[in-house]
Amino acid sequence: MIKVERHTEHGDREAAMGGVYAPDDAVMVRRPLGEQLRSLAPSLLSQRAVHRFIGYMDAQRQRLTREGRRGRMPNRPELVARYGYDVKYASHALRLAYQGLEIARDGRLTLPMPEAERRRVLEVKRGGVPVMAEVLAEMDSVRRQIEDILGAGRTPLPPEPDWARISAWSTGAHREHWGWAAMPGQRSQAA
């Protein structure tokens, strides 16, 4: 288990579980399995993850513009009435775009987001971008950057995660947690 503390935009402290990509100074409780999981972070990221970020961003963009499945679009008429579009939903889609770009370009995910991108996403979320088309154009621009990086082979990421390492850790972690001995002839991966 890893317990992560982060500060919200209002300065409040908020506890969160997870923390694979959290900065070291945000991790408040450290246990061996959690530390092992954090060490797997580079093995988890791949070009497949980037394509997932693009897919999630595209789906949110489509719902935002009412091109996608409407049943999954949050209903926030107060935001639409105030800003002309659902700024919160738009900020989530833009966040996914920027995070996908960072993963594709740098092979890592920074949490919290790098300051410039974080400021921009919060500006959208707070209604500081009055025209939805501007946010959509920015998402499209970031998407093109991601496609250029992947298409030109300029990403440090492998095509797929390191499935063997992840599977070995997962098996070992389950065995350790449940107190199961390693299979005959097999060392525990969680040790």
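In the predicted model, a search of the whole structure returns one cavity of 30 Å³ or more. The space in this largest cavity amounts to about 60 Å³. Its lining is formed by Tyr98, Gln99, Leu101, Glu102, Arg105, Met113, Pro114 and Glu117. Helix α5, which spans residues 87-106, makes the greatest contribution to that lining, with five residues. Grouped by class, the residues around the largest cavity comprise four that are nonpolar, one that is polar and three that are charged.

The secondary structure of the protein consists of eight helices and three strands. Along the sequence these elements are arranged as β-β-β-α-α-α-α-α-α-α-α. The protein has 191 residues, of which 37% are classed as buried. Of the contacts between residues at least 6 apart in sequence, 61% connect residues at least 24 apart. The exposed area of the protein is about 11,300 Å², and 53% of it is supplied by carbon and sulfur atoms.

The mean pLDDT of the protein is 84, and 81% of the residues score at least 70. Confidence is highest in helix α7 (residues 132-151), at a mean of 98, and lowest in strand β2 (residues 13-17), where the mean is 35. The pLDDT is below 50 over residues 1-18, a stretch that nevertheless has 41 contacts in the model beyond near neighbours in sequence. Predicted coordinates should not be read in detail where pLDDT is low.

Several loop residues were examined individually. Val129 is located in the loop between α6 (115-125) and α7. With a relative accessible area of 1%, Val129 is buried, because this value falls under the 20% cut-off. Apart from residues up to four places away in sequence, Val129 touches Tyr85, Arg120, Glu123, Val124, Glu134 and Val135. The C-alpha atom of Val129 is also separated by 8.5 Å from that of Val87, although the two residues are 42 positions apart along the chain.

The loop between α3 and α4 contains Arg76. The relative accessibility of Arg76 is 17%, so this residue counts as buried under the 20% limit. Outside its neighbours within four places in sequence, Arg76 is in contact with Asp86, Lys88 and Tyr89. For Arg76 and Tyr89, which lie 13 residues apart along the chain, the separation of the C-alpha atoms is 9.2 Å.

Arg66 is likewise placed in the loop between α3 (47-64) and α4 (77-83). At a relative accessible area of 43%, Arg66 is partly exposed, because the value lies between the 20% and 50% cut-offs. The backbone of Arg66 adopts a positive phi of about 65°, although the residue is not a glycine.

A further backbone feature concerns Pro112, which is situated in the loop between α5 and α6. The peptide bond that leads from Leu111 to Pro112 is cis, with omega near -10°.

Notes: Residues are numbered from 1 along each chain as its sequence is written. This is a predicted model: local features need pLDDT of at least 70, side-chain atom pairs count only at pLDDT 80 or more; totals for chains, interfaces and linings use all residues. Side-chain values use heavy atoms; hydrogens and water are left out. On a 1 Å grid over the protein atoms alone, a cavity is a set of points where a 1.4 Å probe fits but cannot get out, and a pocket is an open set with protein on both sides within 12 Å along at least five of seven lines; lining residues have an atom within 4 Å of a point. Grid points are joined across faces, edges and corners, and a volume is the space filled by probe spheres set on the points. Helices (H or I, at least four residues) and strands (E, at least two) are DSSP runs, numbered from the N terminus. Ala, Val, Leu, Ile, Met, Phe, Trp, Tyr, Cys and Pro count as nonpolar, Asp, Glu, Lys and Arg as charged, and the others, Gly among them, as polar. Buried means under 20% relative accessible area, exposed over 50%, partly exposed in between (1.4 Å probe, protein chains only). Contact means heavy atoms within 4.5 Å. Accessible areas come from the Shrake-Rupley method with a 1.4 Å probe; for residues, only the protein chains shown count as cover. pLDDT is the predictor's confidence in each residue, from 0 to 100.
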